[in-house]
Number of protein chains: 2
Amino acid sequence: MTFNEFKQMAMISMEEICRDIFRENQKSIKIKKEAVAVKNLTNIFSTTLKLSNEKGFQTMSLRDLSRSSGLSMGALYSYFTSKEELLAMIQEQGRRLTRIILTRQVGHITDPREKLQAAVRTHLYLTEVMQEWFYFSYMEAKNIDKVQQKKAIESELATEQMFIDILEEGDKKGLFSVSDPVLTASVIKSMLQDWYVKRWKHSRRRISVDQYADFVIGFIESAVKVAKA
Amino acid sequence: MTFNEFKQMAMISMEEICRDIFRENQKSIKIKKEAVAVKNLTNIFSTTLKLSNEKGFQTMSLRDLSRSSGLSMGALYSYFTSKEELLAMIQEQGRRLTRIILTRQVGHITDPREKLQAAVRTHLYLTEVMQEWFYFSYMEAKNIDKVQQKKAIESELATEQMFIDILEEGDKKGLFSVSDPVLTASVIKSMLQDWYVKRWKHSRRRISVDQYADFVIGFIESAVKVAKA
DNA sequence: GTCTATAGTGCGATAGAC
DNA sequence: GTCTATCGCACTATAGAC
């Protein structure tokens, strides 16, 4: 799957997820017509991500959000009961997209070498498409309540566990040589995070997501001593 | 140099740097007696770092800082002219310590293999000792003004350039095999950053800074194909 | 369903007593 | 050199008109 194909697929999933948010938060959302609600929610989320990525969620006031989204303060409060709840809604749906897409794209692969490559590339594609959400989620992690924080940690460790499993499977089959799968998975994850956290750096250097993916895959394979095909 | 020796040295440098801040910011600082000023500045900085690491600099109010540091609001404003200036002062001095210590510990080494190892270990030791500052600096980078932001970027790229130089030198001498020194340096840096950004993860797994350093050095050396001694 | 107007709170910053 | 008291402002959140 090329990056452009991936992008289309992720966009469709994103729309579905916005609809899910609406349905699951109907107790907080005063608007009853789904078409109106989903349209405005999408607007609110993307504007929040844009503003928060510029100056942080705490620094962004709801007046800023009102001005940029074109919705009044009163209208905004028809979609959430507090600023904190808005943050939680956005975080939750991003986590959900991560889990769905990683499972769909990687879950069925059995060969550890292919699976490692697919996991790295899919993760990078995902964070490229959802760049704003991932950066937001990364930077605002400590501003959420304990319950949400626990979910964020679980989500992070679940992704890391996927890499641990792949590495252990490959080691067992004699395809990789991995002395410490936990630390190896951990540094792999740090390389993947760097793609969206330090995006200014990569974009200044004109590195595409596929270039970065190829490099990271090569780097990891050298380190875990995969024989080149 | 062991971690404990390093720690002592860094602590001494940190005291000197607090004195430097006082001397260079005497226009903003109303207090004239150096002993009093340095003592209170140290208190203000460490309390700010502690609170900001918990909930972010923007979220921390100066009333929080006043309560935790034991200094009144009025007293705080004897040491800086605005909350923003407090942020800038802390950032500046951390950058300075990074530059001084990396140069002192790594600059004189000529063998690329030794130099790579020393650079990785020194960087990890430094971020371990100054964990709160590095996390603060990393998370608050987008909340500072354009001038400070430019300095932060320059500082980051300077550290990365050090790794690029080491890798190119090693490649030239036939000690490493590095196809893309820029991206290689970039992923090395991401692994180093992970140590202080995801500290909760490493500390939960009971990984010491030396264990992490040994692992990262081994991982990089495998990837750039250094023959084991 | 969306708006404007405003209540109520807590902020950064300062003046002036000690 | 440090404190308390307070100013003016911008914020989150809500009530009620349309």
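**Figure 1. Contacts of Leu62(A) and Tyr77(A) with DNA strand D.** A polar backbone atom of Leu62(A) lies 2.8 Å from a phosphate oxygen of DNA strand D, a polar contact being a pair of N or O atoms within 3.5 Å (within protein, one must be able to donate a hydrogen and the other to accept it, and residues adjacent in sequence count only if both atoms are side-chain atoms). For Tyr77(A), a polar side-chain atom is 2.3 Å from a phosphate oxygen of DNA strand D. Chain B is represented by Lys33(B), with a polar backbone atom 3.0 Å from a phosphate oxygen of this strand. The elements that give two or more residues to the surface near DNA strand D are α3 (62-69) of chain A and, from chain B, α2 (34-55) and α4 (73-76); helices are DSSP runs of H or I with at least four residues, and strands are runs of E with at least two, numbered from the N terminus. The model is predicted: local features need pLDDT of at least 70, side-chain atom pairs count only at pLDDT 80 or more, and totals for chains, interfaces and linings use all residues. Residues are numbered from 1 along each chain as its sequence is written, chains are lettered from A and ligands numbered from 1 in the order in which they are written, and side-chain values use heavy atoms, with hydrogens and water left out.

**Figure 2. The protein surface near DNA strand D.** This strand is surrounded by 22 residues, the closest being Leu62(A), Arg63(A), Tyr77(A), Lys83(A) and Ser72(B); a residue is near a strand or molecule if one of its heavy atoms lies within 4 Å of it. By class, nine of the residues near DNA strand D are nonpolar, seven polar and six charged. Here Ala, Val, Leu, Ile, Met, Phe, Trp, Tyr, Cys and Pro count as nonpolar, Asp, Glu, Lys and Arg as charged, and the others, Gly among them, as polar. Sugar or phosphate accounts for 60% of the atoms of DNA strand D within 4 Å of the protein, and bases for the rest.

**Figure 3. The surroundings of DNA strand C.** Among the 21 residues around DNA strand C, the nearest are Lys33(A), Ser72(A), Leu62(B), Arg63(B) and Tyr77(B). Phosphate oxygens of DNA strand C lie 2.8 Å from a side-chain N or O atom of Ser72(A), 3.0 Å from one of Tyr79(A) and 2.3 Å from one of Tyr77(B). Two or more residues each come from α2 (34-55) and α4 (73-76) of chain A and from α3 (62-69) of chain B. The surface near DNA strand C comprises nine nonpolar, seven polar and five charged residues. Of the strand's atoms within 4 Å of the protein, 56% belong to sugar or phosphate and the rest to bases.

**Figure 4. The interface and axis relating chains A and B.** A turn of 180° with a shift of 0.0 Å along the axis lays chain A on chain B with an RMSD of 0.0 Å, by least squares on the C-alpha atoms of residues with pLDDT of at least 70 in both. The two copies are therefore related as by a two-fold rotation axis. In chain A, the C-alpha of Ala223(A) is the nearest to the axis, at 2.1 Å. Each chain gives 42 residues to the contact, defined by heavy atoms within 4.5 Å. About 3,600 Å² is buried between chain A and chain B, with carbon and sulfur atoms giving 63%; buried area is the accessible area (1.4 Å probe) that two parts lose on being put together, summed over both. Lys142(A), Leu183(A) and Phe219(A) lose the most area in chain A, together 18% of what that side buries.
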